[in-house]
4 protein chains.
Amino acid sequence: MTGRVGVWLVGARGSVATSAVCGAAALRAGLAAPVGCVSELPDIARARLPSYAELVFGGHDVTGCPLDKRAEQLVEGGVLPRSVVTGVRADLRAAEAEIRPGYDGTDGASQRAVAAALAADLRDFAARHALARLVVVNVAATERRLDPHPATGSLDALESALDGAAAVLPPSALYAYAAFSAGFPFVDFTPSAAVGSPALAQLAAARRLPWAGNDGKTGETLIKSALAPVFADRALRVRSWAGTNLLGGGDGANLADPAAAAAKLASKSRVLSSVLGEQVVEPLHIDYVPDLGDWKTAWDHVSFEGFLGVRMSLQFTWQGCDSALAAPLVLDLARLVARAHEIGEVGPVGAFGFFFKDPAGTAEQRLAAQYEALRGWAARAGTLPEDPP
Amino acid sequence: MTGRVGVWLVGARGSVATSAVCGAAALRAGLAAPVGCVSELPDIARARLPSYAELVFGGHDVTGCPLDKRAEQLVEGGVLPRSVVTGVRADLRAAEAEIRPGYDGTDGASQRAVAAALAADLRDFAARHALARLVVVNVAATERRLDPHPATGSLDALESALDGAAAVLPPSALYAYAAFSAGFPFVDFTPSAAVGSPALAQLAAARRLPWAGNDGKTGETLIKSALAPVFADRALRVRSWAGTNLLGGGDGANLADPAAAAAKLASKSRVLSSVLGEQVVEPLHIDYVPDLGDWKTAWDHVSFEGFLGVRMSLQFTWQGCDSALAAPLVLDLARLVARAHEIGEVGPVGAFGFFFKDPAGTAEQRLAAQYEALRGWAARAGTLPEDPP
Amino acid sequence: MTGRVGVWLVGARGSVATSAVCGAAALRAGLAAPVGCVSELPDIARARLPSYAELVFGGHDVTGCPLDKRAEQLVEGGVLPRSVVTGVRADLRAAEAEIRPGYDGTDGASQRAVAAALAADLRDFAARHALARLVVVNVAATERRLDPHPATGSLDALESALDGAAAVLPPSALYAYAAFSAGFPFVDFTPSAAVGSPALAQLAAARRLPWAGNDGKTGETLIKSALAPVFADRALRVRSWAGTNLLGGGDGANLADPAAAAAKLASKSRVLSSVLGEQVVEPLHIDYVPDLGDWKTAWDHVSFEGFLGVRMSLQFTWQGCDSALAAPLVLDLARLVARAHEIGEVGPVGAFGFFFKDPAGTAEQRLAAQYEALRGWAARAGTLPEDPP
Amino acid sequence: MTGRVGVWLVGARGSVATSAVCGAAALRAGLAAPVGCVSELPDIARARLPSYAELVFGGHDVTGCPLDKRAEQLVEGGVLPRSVVTGVRADLRAAEAEIRPGYDGTDGASQRAVAAALAADLRDFAARHALARLVVVNVAATERRLDPHPATGSLDALESALDGAAAVLPPSALYAYAAFSAGFPFVDFTPSAAVGSPALAQLAAARRLPWAGNDGKTGETLIKSALAPVFADRALRVRSWAGTNLLGGGDGANLADPAAAAAKLASKSRVLSSVLGEQVVEPLHIDYVPDLGDWKTAWDHVSFEGFLGVRMSLQFTWQGCDSALAAPLVLDLARLVARAHEIGEVGPVGAFGFFFKDPAGTAEQRLAAQYEALRGWAARAGTLPEDPP
């Protein structure tokens, strides 16, 4: 790929964003190996992706805690190594200087005006850094799930409604609107509304832009999407699949709100019915356990039936660090979507479903098949020229 | 497929064989749904496999407990439903009538003579039932692992050595020798020696026979082969993968012998290095816990490293009924190998690696990829005529 | 103890009651060893308890499924061995003949009249069998938790209110009222209201009757009450204790009703604050998973802090058969409460807190201390004469 | 208690010793709360124990890595907080200055001479610091288990043998010999030989000294000793109890030696037979998993039988930091044994069995009962004067 690539993080001062900025700088400086970086696997890297050194970071946020202080908190929480943070302070300051005030839905201005301001931030960033590409990635807190506004049913209706005084779009969707309007691709790493409406999808198509989402697959659902096919392919009948998720940190606090959790739970539960081809009993909980900090623990219990009706079970416990799992995938997606834009992809890129709980552009939920799709995409992208006409 | 197909079980009075005979009869009689039967999945069944009704059972065994008594024990142990066993008593008696005395290495006769007698049993069975095909499946207890006899280095050397008085082949390999000599394909569902020598492989090739093995993948390793690719494809670095297997029943008692366990442990540990591309610390135990009966419990603990060195872990506990997991796969393999024979496959069928811990004929250890290989084989076999010239 | 002892089961056709009746008969007939029977431990048996052979069973129920059919279902579900049920059919029929129609709150009659009818059933049973003692044990489904009626604040108020037309007491409490009125002790093995009001407690005291409750401790809470003291006694600081309970069967279906689950969850969560001396984050779920049948699986995750702030964790998974855990305790309690009555105990017997999640008559929640209290009680009871004046 | 108390650590530069020295200093300086400190619980502190401020540290070691460097490693490993280590550097240096070369069995000198030198170190330390008491605590690596030398059968035989040229005692026992000879009590926090012979016990008795051991109970066995009584007191029949221990760090490397592990496994397996009153199938493994560092993970699987033969199970996973669990107990024992010495206790103090896998001086293995014994001891000690005549 040719030229520098902007990564614009919505929620730029959160744990995931901070970890991503630190990590990219550490990789550039040779302070860390690319563990957890899918786009560095030989099969994927062949797609001619922008290098970590070519990435430039900026973003929107509604909170004020600067990146270096946030990074310090992540060191205390065991998410980031002290040596890395010490070595990349200049990069943190550079990214901090590119963070602009975000939108959380409470702004008094009309959404038309807000969108214009957000888009101006993006264009200004792209211009000042002479970026070849810019990818907007939503890593903000999960929104409350609300019924979509009727105007999101089509782009025309949306455009009319945005001229009115009332809010039409939730923040995630307004960010996507601003990105597409300004000519930039968008990645939704959360289960928020974002591009999930006809109006937004039409806008992306009209501007010939690729996008990817929704909801990064980093833990319980990752494992589910690898294990559910075992039962399907071995003709074993899953009777129930129960899951409990214990989360601390900001995400846990946010998901303690049932309306926010509803969005997450819905996207988590799509895997099973898709892979197993039938509905199973699937109790699923997200609990806020503050002392876990950035860590999450998930326990799943699968009850299944085998030959001649014998009942058996599988349990797993996943203990992961949310930000450390998500951050490299954010960088992967920024690199991949930039390249997708470069080679002319438009609309939801189904081949990037590997990264998402609720993948747009594909019905495939089986992890291994998703990886094959990604690998195939990378192979094809690798045969195309850099900066094609 | 045309004509009746013999399934000759080495270890015909064991739990797996008894469950397989019961299950085939139950499926034929409509007493059970084909849960656990891979060959009944639409993608696989399209290969034009023999139906369950076309299977005829016989076998060798060194113990005397008749099948109906063994089935009763399996009812007590919760492996087989009473209603099924009651409904298939005639089938059990029919199979029992076709069980011949087996060979456990202690027979006084020369191995040449023993092999001839075993082969005669197979030919006699095939002739009396006018079988179109016969598949020999080894489901006997795991053998002690011994250094291979030098004569197993080539078929010529083996043929000379068999004329001598001393034993050259362990029982599993003598069964394979007898099967191939008599013109029948062979499946090794155990980690025993069987076809695992140049001499036996050469014999199969010379007789234009397909074979499959080794060591049925039914529990811990099944899950391992689905989970290890998650780490590989997400570029996460596995630091250690520890496993403990608690087994009761005959298999547990047998594997309490370290020499027998060695074979099993070796075949269980091939998955990780293959999929992860590097050696990881991998402590692995098999413990004999008699009270578990036919059930086994496996606990695995995976310690892995993510972005910027963060340490995380995954644990799983698998609680399964060994015979109920193995029996349908034995039937699958008999059907598949019969069809492979019919369409002219020769040598180890790598596409059947999906069923094995230590697959012959392929280096692929990733479960999903193995399923795709099997699916592809079935699609191709489905395009070939029944009973091709 | 001298004479026959009646055990009157409220919910007499449920799984627990059926298992208790079967088990007592099996123990009497020598068909089973007293595994799970606390009152047969030498330290407890010394209290001079009635033997299993001296127990006579009857009860109330609102459902019609006869005991022998219910027992058959429990055989299918793996709860009761077929051989036991076959051997005790006469006992099941005898108990079935002593089951009378129960009260579920929907009866049109005044509660005064219902209570009188229930009490008459008890007196009739005692008279016909010439019982020395009778203990009423509530093993009916958990009631929905409702705000207590103001009249339950005192016995006088209750007596006045019962004369009115409106329902004052939930069924569990009306059963307790009937038992006490008729002069019989009461055990609440559920988290229902029952004796949990001043009025009922005053009635028991007035009639000089012992009682015990609430909510049998058979699984997750049993383990919790053994593990929480480890943290307390080792000065380790529990940060959070999360629990998930997967239940099938009637109890699971019943507890899928949030109002019923509320009662259960409240009684389950009393252990921690009592033992740890502080409130911890304690997410707790009960999920209905029908395929588990009579089995329940609980997973608990304890996050704790050690020396110098180091964070550690303990997880446990309990897989138990609810009825098989509860039934022997029901028999234990019937025997113990009969003896308590005989030796003149009045009010809640704190020494029986060992059996309950939410023990009445004691603040002790630590399992080992509860056992010591029970052991001490038994030692003392053992020194008292049979049938003291 | 009156006067300063020396704590002499055998293995003074190991993880446990370093953590203990850091922790005592942190507690003294108010940098940490006494989490994990049993002796600070009100019930135990009433025994009139020396304060943390009164403890003075020294010790023997055979390795050269200084305490501050070792502490730095423990910070990297997440065992010690950086802020604590920074705040107690002076204390680490003071303790480091009191570490003398240790004995690992390879010294050329006669054991008589070695013992004299070790004892001289102790006396010199006590004299220079004007200590009121000194307690020697063995926290060195677990020794290989060897058959005891015949001369350890009696003190007389031992004294004669020590004059010879050949080694008679393993290092742990020679340290105990030196401590007792010099008039100081001894604590064995390891499963090594130490005081476990008639000769050493006689020496302690002759010098009127208390001692405590063996093998600190910090993880899997701690939980086992709390859970095994649940089964015993509920009359549930344990059928098997399997355990797997994954350990990194120095202890893991050391226990990868089967002869060292044998000692550990033996002391770990005493709990069950003692509490359950019968031998159960008990497979038990210790695996060296270097990447776990100072952390250990134990998984236990308990299979048990309940009422009427129903089979159930309990699993637990313990994830703990070995040094953080052991260090506060080392401090507890130093304080308690110093007080035991002061009030005239002689021989193994059974009341301190709460701290050990293989407690000397008591047959009690149930954790709650051990705590009660400790509590009782503390209550009695609290009634005795400080520095009694």
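How many residue pairs are in polar contact between chain A and chain C? The legends below take that up, along with the symmetry of the pair.

This is a predicted model, in which local features need pLDDT of at least 70, side-chain atom pairs count only at pLDDT 80 or more, and totals for chains, interfaces and linings use all residues. Residues are numbered from 1 along each chain as its sequence is written, chains are lettered from A and ligands numbered from 1 in the order in which they are written, and side-chain values use heavy atoms, with hydrogens and water left out.

**View 1. Polar contacts between chain A and chain C.** There are 12 residue pairs in polar contact, both at pLDDT 80 or more. Such a contact is a pair of N or O atoms within 3.5 Å; within protein, one must be able to donate a hydrogen and the other to accept it, and residues adjacent in sequence count only if both atoms are side-chain atoms. Salt bridges (a side-chain nitrogen of Lys or Arg within 4 Å of a carboxyl oxygen of Asp or Glu) number zero here.

**View 2. The axis between chain A and chain C.** Turn chain A by 180°, with 0.0 Å of shift along the axis, and it lands on chain C with an RMSD of 0.0 Å (least squares on the C-alpha atoms of residues with pLDDT of at least 70 in both). The two copies are therefore related as by a two-fold rotation axis. In chain A, Thr244(A) comes closest to that axis, its C-alpha at 3.6 Å.

**View 3. Area buried between chain A and chain C.** About 1,800 Å² is buried, 58% of it from carbon and sulfur atoms; this is accessible area (1.4 Å probe) lost on putting the two parts together, summed over both. His285(A), Asp291(A) and Trp299(A) supply 30% of what chain A buries against chain C, more than any other three residues.
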